[in-house]
Amino acid sequence: MSVCVAVLGGSFDPVHHGHVALAGLFARLLHPDALRILPAGQPWQKAGLQAGDADRVAMLELAFAQASGAGFPAGVPVTIDTREIVRAAPTYTVETLREQRAELGASTSIVFLMGADQLQKLDSWRDWRSLFELANFGVAARPGYRLDGAALPPAVAHEIAGRLASPERVRASPAGRVCMAHTLAVDISATQVRQALKSGPDPQAQRGAGQGRDPGQVGALVAPQVLDYIQQRNLYKS
Ligand SMILES: Nc1ncnc2c1ncn2[C@@H]1O[C@H](COP(=O)(O)OP(=O)(O)OP(=O)(O)O)[C@@H](O)[C@H]1O
Ligand SMILES: O=C(O)c1ccc[n+]([C@@H]2O[C@H](COP(=O)([O-])O)[C@@H](O)[C@H]2O)c1
């Protein structure tokens, strides 16, 4: 059976339950041999990052170390791949996938994971059509963003129309196929987390008051260990 490596790229400023759920869903669908979490170094389409690189990586380590207790399948090794931080240049996924293809060989199935918001603007990514020669894509639904062809830029809809495939087919193909997961429905964004931390009451107090009873608050958006870290490091206060 061919080897499959799933890759989840993101700014992770900070990592939240939506990221872990997205990774967990595709880990269950694809049964990859490895899952690489790829924090962007300089996400050129974003206005800027608030937390530093070391803090974002530390929060990812905490979030994914705890993930198995939250429905994440056992037996899928998760690593944090810091190459885009080390690159110290605007982050272009095409560069990263070229490197990963060279490392993993021609027959490995590489599956780059993303939410529907990113598929909706895939045609704005650097050299975006080349991405399909380098990897498959796993795209998950996200509240507020449609996945159907009518909601996508025509060029993206046209590009992916003939590429849609089952998880099994994607797992068996090195590149060029797209697997859609329509069932994810986690209405969380890092923007929302940052805003809640900036404006809300002490998140530690919220958590102590009972997780799950106040789903709009930070304790319901990120892992407790991530929240502790944010608190200890005094992140996202301004
Ligand atoms: N709630 C979610 N459901 C599905 N996919 C998500 C969700 N949150 C993030 N993603 C996906 O995870 C990847 C990394 O996202 P990112 O780190 O930019 O988080 P974000 O919540 O979108 O951040 P921000 O609010 O700062 O824009 C992207 O492909 C994005 O589509
Ligand atoms: O390559 C590009 O031009 C490109 C443009 C926008 C986003 N991406 C990648 O998409 C992933 C999610 O991005 P973001 O902005 O939602 O954190 C992350 O790995 C980014 O590097 C890549």
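1. Helices (H or I, at least four residues) and strands (E, at least two) are DSSP runs, numbered from the N terminus. With that in hand, H31 can be placed in the loop between helix 1 and strand 2 (34-39). The model discussed here is a predicted one, in which local features need pLDDT of at least 70, side-chain atom pairs count only at pLDDT 80 or more, and totals for chains, interfaces and linings use all residues. Residues are numbered from 1 along each chain as its sequence is written, while chains are lettered from A and ligands numbered from 1 in the order in which they are written.

2. The backbone of H31 deserves a look, since this residue has a positive phi of about 45 degrees although it is not a glycine. Burial is judged by counting other C-beta atoms, placed from the backbone, within 10 Å of a residue's own: 20 or more make it buried, 12 or fewer make it exposed, and anything in between makes it partly exposed. H31 counts as partly exposed because it has 16 C-beta neighbours inside 10 Å.

3. The loop between strand 1 (4-10) and helix 1, where P14 has its place, holds further points to check. The peptide bond from D13 to P14 is cis, with omega near 5 degrees. F12 lies in the loop between strand 1 and helix 1 as well, and F12 has a positive phi of about 50 degrees although it is not a glycine. Most residues other than glycine have a negative phi, and most peptide bonds are trans. Is F12 buried or exposed? F12 counts as buried, because it has 24 C-beta neighbours inside 10 Å.

4. Turning to the ligands, a residue is taken as near a molecule if its C-beta atom, placed from the backbone, lies within 6 Å of it. Ligand 1 is surrounded by 19 residues, of which G10, G18, G115, A190 and T191 are the closest. Two or more residues of this shell come from each of helix 1 (17-30), strand 4 (109-115), helix 5 (116-119) and helix 9 (190-199), and the largest share, three residues, belongs to helix 1. For classes, Ala, Val, Leu, Ile, Met, Phe, Trp, Tyr, Cys and Pro count as nonpolar, Asp, Glu, Lys and Arg as charged, and the others, Gly among them, as polar. The shell around ligand 1 has eight nonpolar, eight polar and three charged residues.

5. Around ligand 2 there are 15 residues, with G9, S11, T93, W125 and R126 the closest. The elements giving two or more residues to this shell are strand 1 and helix 4 (93-104). By class, the shell around ligand 2 divides into six nonpolar, seven polar and two charged residues.

6. The protein chain is assigned domain 1 (4-181) and domain 2 (190-233), with bounds that come from an automatic or database domain assignment. The C-alpha centres of domain 1 and domain 2 lie 25 Å apart. Their contact takes 13 residues from domain 1 and eleven residues from domain 2, where two residues are in contact if their C-beta atoms, placed from the backbone, lie within 7 Å. On the side of domain 1 that touches domain 2, helix 2 (residues 53-65) gives the largest share, five residues.

7. In helix 2, the residues R56, M59, L60, L62, A63 and F64 are buried, and the buried residues of this helix pack against helix 1, strand 2, strand 3 (78-80) and helix 11 (224-233). V226 is found in helix 11, and V226 counts as buried because 25 C-beta neighbours lie inside 10 Å. Leaving aside its neighbours within four places in sequence, V226 is in contact with P14, V15, M59, L62 and A63.

8. A nonpolar core is a set of buried Ala, Val, Leu, Ile, Met, Phe, Trp, Tyr and Cys residues joined through C-beta atoms within 7 Å. Of the 60 residues in the largest such core, A6, F26, A63, V111, L113 and V226 touch the most other members. Helix 1 gives the most to this core, with eight residues. Where does this core lie with respect to domain 1 and domain 2? Both domains give residues to the core, so it lies between them. F26, leaving aside its neighbours within four places in sequence, is in contact with A6, L113, G138 and A181.
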